[in-house]
Amino acid sequence: MLRLKGGKIVDPANGIDGEVRDLYIDGGRLVAPSLAHKIHEDIDISGALVMAGAIDLHTHIGGGKVNIARAMLPEDHRGTQRGATPLLRSGSGRATPSTLTTGYRYAEMGYTACFEPAMLPANARQAHMEMGDTPIVDKGAYALLGNDDFLLRLMQEKAEQQVINDYVAWTLRASQALGIKVVNPGGISAFKFNTRKLDVDEASPHYGITPRAILTTLTRALHALKVPHPLHVHASNLGIPGNIETTLATIDAAEGLPIHLAHIQFHSYAKEGDRKFSSGAARIAEAINGHRNVSADVGQILFGQTVTASGDSMAQHRNSVHARPGKWVVMDIECDAGCGVVPFKYRDQNFVNALQWAIGLEIFLMVDDPWRIFLTTDHPNGAPFTSYPHLMRLLMDKSFRDDQLSRIHPDAAAASCLGSLQRQYSLYEIATMTRAAPARILGLTDRGHLAPGAAADITVYQVQNDAEAMFSAPEYVFKDGVLVARRGKTVGVTRGITHTVKPDFDPAIEKRLRSYFERYHTLSLDNFAISDDEMIECGSRALLTHPCARVA
Amino acid sequence: MNPASLVLLDHVSCPFCGLLCDDLSVTGDGKTLAVVARGCDKSRVQFGQAFPANAPCVVDGNPVSLDAAIERATAILRSSTQPLLLSGGADVASMRALLALADRCGAVVDHTNEGLMRNILVLQDSGWITTTLTEIRNRADLVLCVGTDVVSRFPRFFERCGMGGGMLGDQRPAPEVIFLSATPPAGINARTIDVAPNQIAEVFAVLRALVNNKKPQRVEPQLEQLAQRIQRARYGVVVWSAADFDFSQAELTIQAICEWVKDLNKTIRFAGLPLGGNQGDISAHQTITWQSGFPLRTRFTAQGPDYDPHRYAARRLLATDAVDALLYIAEFDSNFAPPATTLPSIVLGRAGMLPPPCTVFIPVGTPGIDRSGHLYRTDNVVAVPLKKLTERGAYSAPQVLNQMTGGLACFV
């Protein structure tokens, strides 16, 4: 048994805020102290802060579009390469690091679980293979639905909700997913039929289905199936000034059922002012504060070069004019989904970019409940995940934030209320939004906290005034009880597990899918679905299937 | 063959071209396999190839045990200052093992299919709009094949995409097919436009100018007609095979096609389909890209992966003696012999390959027959699972490569 002695525990899931306690680790788990277990090793961490390993619930770390971004942008990777060592494999990358490097970097920052939010069922094997080659951290993914021909046909035929529930459950199992995401509901499909914009109450050209109907149908399905994670929504009209109305309509479409709004910053734009672009953060924050069924991750942008990789082919095609450097990819995929990869450079002296930066921070600071707002940059779309420590400092340190605010485009600074927001996140709130809350909203009962029985995913920080420095290089990081990182360097390499859900469904749906696949697809149903054994071949160490039962 | 022991296998995936058809029916008697339904010339030959039982490993022309062959191979890599690991056919599992080995010994990694890099250079310079097989099968109403008859490399392409018969049930009219600078295969009812391969880029420059209402002084009538037909397409697809663009700076031709497609999409929907995936070239590209951050033609140096699509081309490295050892793998086609070289060389060839002139030869099984595995399809999206069909005692390339890696210390 290993004992971590004298650390200050910050564990919001168990209501502990800075209490000095010893932690005991045995067999990869936190355990209660007992005389039966001999302490083999003691690490004195007196004065240090202890949190559970952090969990990133929205990060594009694996799958086709990420790999297109890697292949397209060798310049992103040059100058960042690291050679192999007896312990580590080689790798590279800034905005879209190679898989091995991604695992090391996350662990070095104290993150122990990452969730890929846009796994196309048709491309699920690739996502799982890439995640299989991402060491140390646990993984999981949300499967995309809502632009797939099969669902849209079911809705067009006015299929019963139960049939759709069966299809959603089948998809979760077949693609080995933890949740369901919808990206620009109906819009990716509409783009294939040459529609360039689709509002929430606009019927799509081919199927005559509205995004609202898709949202309502899928939220109902996940609720009925008792899938812990609510529908993960990339709303319509991403990036368009005035899209705040779309976002509010999207909340409305959930009819009070749980719904998670991804990268809400990109969906919080009003169109006031001379430039017809302004912050809608206050109204969005008010909506989130007032709807307890709603959660969101921010998708903060930070200045610099990155690449945007999204399933939203409609939006990405629209944004391709802004590609910097000037190259981009858009794909239509398998009557199932799409993708678009557009490199992007966010500049602090560009009014729009500067205001995007401010809007994200406004939302962070105006949403009251850290259990329902999550720290993300929509990696790599707003910024690479390696900028999280910088973002944490922006949230925790008002003077640092004001200093940054003074450097952006002055008109954007003037158009934002950011300077007047006094709030500074506490360590407890940071621990909530990066540990306890994501574990809860994903249904991971043994992650994100430090009570006996939890996985020994633990991050130990040396307290520093500079939160960015503190969060960049934790003193110790343990994954399943193994020391994996020390002062920001990987010192141990383990393999994480894959988190999934497997709700039951009526097998009748498979019969229907089988004939559909034979008639329309170019892969058989049996080869579309991924078995547990194949997941191991894809590189997963093990699967952890979470029960489908709603936690109060 | 004893009919009593014949086993019929359905929904078999075929690893022998980038279409990765997964609907074959194959019979087997434990030794020999035969495609009995939905085969093509390629798959029938490749599945039907005899498996030489107890084919030995060879070192310096003499039969040796597997362990002895691996030991010698490891010694070659250990004493090499710059090895080249070259795929002439490997699936994802073999590529993963090959990359771990490359990392350990500081190798350059490339694939023999040079066409793939022509596409990658376009991706890295300007990008593209592309589509996948199921989109074409269900939604395309116009398919323009450029510089390729398609079927020589991808025999069942038209059938799989709902053209030329064989499709189940769908009432949708088959798309119109046009061949530009290529001859249509038998059974495909298609219009042709004769253009010399080295003029394809010029044709697409003209078509692009027309899309952008910049009419050149003189446009051939058939091109003007083509441009008009394209504008009427609801979902058109242009198909090319970079392997068939075997002329200097062919990437510029591909780029001309891709830029035209991008401009078309300002007003209509149209997409490209770069054909590829044969011999696992796309699988190799995908795997090295996610593991290292760079495509093929990457050298694993002490400072990390270093990518150079020209300097690290296998052909050039071998021709200029820039490498001092070669490891070559070809799991799918026993006729895919390694490039001729006098360097110390290690060949992992599909069992049945006549041991080529090399220092170490190890016969290996084929993913999709002798072991399970994965290959990426031509569209770069769908990874098709390959099943193990039979147990013939074949060596597994990933295991062999992992054993070599295990025998080497980190080169730095």
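**Exercise 1. Find which residues A:Met155 is in contact with, leaving aside its neighbours within four places in sequence.**

Start with the place: A:Met155 sits in helix H5 (residues 149-156) of chain A, where helices (H or I, at least four residues) and strands (E, at least two) are DSSP runs numbered from the N terminus. Next, apply the contact rule, which asks for C-beta atoms, placed from the backbone, within 7 Å. Setting aside neighbours within four places in sequence, that leaves A:Ile209, A:Ala213 and A:Thr217. For burial, the cut-offs are 20 or more other C-beta atoms within 10 Å for buried, 12 or fewer for exposed, and partly exposed in between, with C-beta atoms placed from the backbone. A:Met155 has 19 C-beta neighbours inside 10 Å, so it counts as partly exposed. Last step: go back 14 residues along the chain to A:Ala141, and the two C-alpha atoms turn out to be separated by 25 Å.

A quick word on the ground rules. Residues are numbered from 1 along each chain as its sequence is written, and chains are lettered from A and ligands numbered from 1 in the order in which they are written. This is a predicted model, so local features need pLDDT of at least 70 and side-chain atom pairs count only at pLDDT 80 or more, while totals for chains, interfaces and linings use all residues.

**Exercise 2. Check whether the end-to-end distance of helix H16 (residues 427-442) of chain A agrees or disagrees with its expected span.**

The expected span is 1.5 Å times one less than the number of residues. For the 16 residues of H16(A) that should be 22 Å, and the end C-alpha atoms are 22 Å apart, which agrees. Now look for a bend, meaning the angle between axes fitted to the seven residues ending at a residue and the seven starting there. H16(A) has a kink of about 40 degrees, centred on A:Met433. On burial, 15 of its 16 residues are buried, so H16(A) is largely enclosed by the rest of the structure. Right after the helix comes A:Gly443, with a positive phi near 80 degrees.

**Exercise 3. Work out what covers the buried residues of helix H3 (residues 99-108) of chain A.**

Count first: ten of the ten residues of H3(A) are buried, including A:Tyr104 and A:Arg105. Then list the cover, which includes strand E7 (111-119), helix H4 (124-132) and strands E20 (476-479), E21 (482-486) and E22 (489-490) of chain A, together with H10 of chain B. H4(A) is itself mostly covered, with nine of its nine residues buried; A:His128 is one of them. Just past H3(A), A:Gly110 takes a positive phi of about 85 degrees.

**Exercise 4. Describe the side of chain B that touches chain A.**

The contact takes 56 residues from chain B and 52 residues from chain A. Elements giving two or more residues on the chain B side include helix H3 (92-105), helix H4 (115-125) and strand E8 (127-130) of chain B. H5(B) gives the largest share, six residues. By type, this side divides into 23 nonpolar, 22 polar and eleven charged residues; Ala, Val, Leu, Ile, Met, Phe, Trp, Tyr, Cys and Pro count as nonpolar, Asp, Glu, Lys and Arg as charged, and the others, Gly among them, as polar. Finally, look for pairing, which needs at least two DSSP bridges between two strands. Strand E16 (residues 328-333) of chain A pairs with E8(B) in the parallel sense over four bridges, with A:Val330 opposite B:Ile129.

**Exercise 5. Place strand E12 (residues 236-241) of chain B among its partner strands.**

One partner is strand E9 (residues 142-146) of chain B, parallel over five bridges, with B:Val143 opposite B:Val237. Another is strand E13 (residues 270-275) of chain B, also parallel, over six bridges; here B:Val238 stands opposite B:Gly272. Then sort the directions: B:Gly236, B:Val238 and B:Trp240 point one way, B:Val237, B:Val239 and B:Ser241 the other, and all are buried.

**Exercise 6. Identify the turn glycines in the hairpins that E2(A) forms with E1(A) and E3(A).**

Strands E1 (residues 2-11) and E2 (residues 16-26) of chain A pair antiparallel over eight bridges. Four residues lie between them, and A:Gly15 in that turn has a positive phi of about 70 degrees. E2(A) also pairs antiparallel with strand E3 (residues 29-31) of chain A, over three bridges. That hairpin has two residues between its strands, with A:Gly27 at a positive phi of about 60 degrees.

Conventions: Contact = placed C-beta atoms within 7 Å.
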